[in-house]
Amino acid sequence: FFELTVKVVDESLIPVSNSEVKISITDIDNGQLVPGSIISDEGITDSEGKILFSFENKAFITARACFENSSTGNVNYLCREGNVYLEEDTNKELTLMLQGSNCEFCN
C-alpha cells in the first residue's frame with residue numbers, strides 16, 4: 001500500500017478543518033503536474049485538519065490545500081502546495097501551512 005496523510009494548519013499551527021485538498025501526480029523530471037494523470041483525488045479535512053489518501057502505485061505527489069476565508073465579508077482563499085514521494089507500506093505525512101498568497105489553483 002501507499003498512503004498519504006495531509007494535515008492542514010494555520011500560521012499558529014492550529015489544525016484547519018473543512019479545507020479542500022487536491023492530489024495530483026507530479027513529473028519527477030520537471031516538477032510539473034502531469035495532465036490527466038491516473039492518480040487524481042480530492043477531499044475535505046476532518047476536525048483534526050487531516051485527510052488520508054490511499055494509492056496502488058508509487059508516485060511523486062503534489063498536494064494542494066485551499067480554504068475559503070469569508071470572515072471579513074469578502075471571499076478570499078488561504079492555500080498551500082507541497083510535494084511528497086510515496087513509499088511502499090508507509091503512511092507518509094505532509095503538513096501544509098495555509099497562507100493568503102498566490103491561490104490561483106483554488107478557483
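Exposed means over 50% relative accessible area, and buried means under 20%. With that in hand, let's explore this predicted model.

Q: Is Leu 13 buried or exposed?
A: Let's find the residue first: Leu 13 sits in the loop between β1 and β2. Its relative accessibility is 56%. The cut-off for exposed is over 50%, so Leu 13 counts as exposed.

Q: What is the phi of Leu 13?
A: Here is a helpful rule to start from: most residues other than glycine have a negative phi. Leu 13 is a residue other than glycine, yet its phi is positive. The value is near 65°.

Q: Which relative accessibility does Asn 18 have?
A: Asn 18 also has its place in the loop between β1 and β2. Its phi is positive, about 60°, although Asn 18 is not a glycine. Asn 18 counts as exposed because its relative accessibility is 55%.

Q: Is Ala 59 buried or exposed?
A: This residue belongs to the loop between β4 (50-55) and β5 (60-69). Its relative accessible area is 7%. Residues under 20% are classed as buried, so Ala 59 is buried.

Q: What distance separates the C-alpha atoms of Ala 59 and Thr 26?
A: Along the chain, Ala 59 and Thr 26 are 33 residues apart. In the model, the separation of their C-alpha atoms is 7.9 Å.

Q: Which strands stand at the edges of the sheet β4-β1-β7?
A: Three strands form this open sheet, and their pairing is mixed. Two of them have a single partner strand each, so one side of each is left without a neighbour in the sheet. Neighbouring strands are turned by 20° against each other on average, direction ignored. The edge strands are β4 and β7.

Q: In which sense do β1 and β7 pair?
A: As background, strands of a sheet pair through backbone hydrogen bonds, either parallel or antiparallel. Strand β1 covers residues 2-9, and eight bridges link β1 with β7. The sense of this pairing is parallel.

Q: Which residue in β7 does Lys 7 stand opposite?
A: We can look at one position where β7 has a residue facing Lys 7. The residue opposite Lys 7 is Thr 95.

Q: Which element of the protein has the highest mean pLDDT?
A: For the whole protein, the mean pLDDT is 85, and 87% of the residues reach 70 or more. Among the elements, strand β3 (residues 40-44) has the lowest mean, 83. The highest mean, 94, belongs to strand β7.

Notes:
Residues numbered from 1 in each chain as written. Predicted model: local features only at pLDDT ≥ 70, side-chain atom pairs only at ≥ 80, totals over all residues. Heavy atoms only, no water. pLDDT = per-residue confidence, 0-100. Helix = DSSP H or I, 4+ residues; strand = E, 2+ residues; numbered from the N terminus. Buried < 20%, exposed > 50% of the residue type's maximum accessible area, 1.4 Å probe, protein only. Pairing = 2+ DSSP bridges. Axes fitted to C-alpha atoms, helices over the stretch in contact; angles between N-to-C directions.
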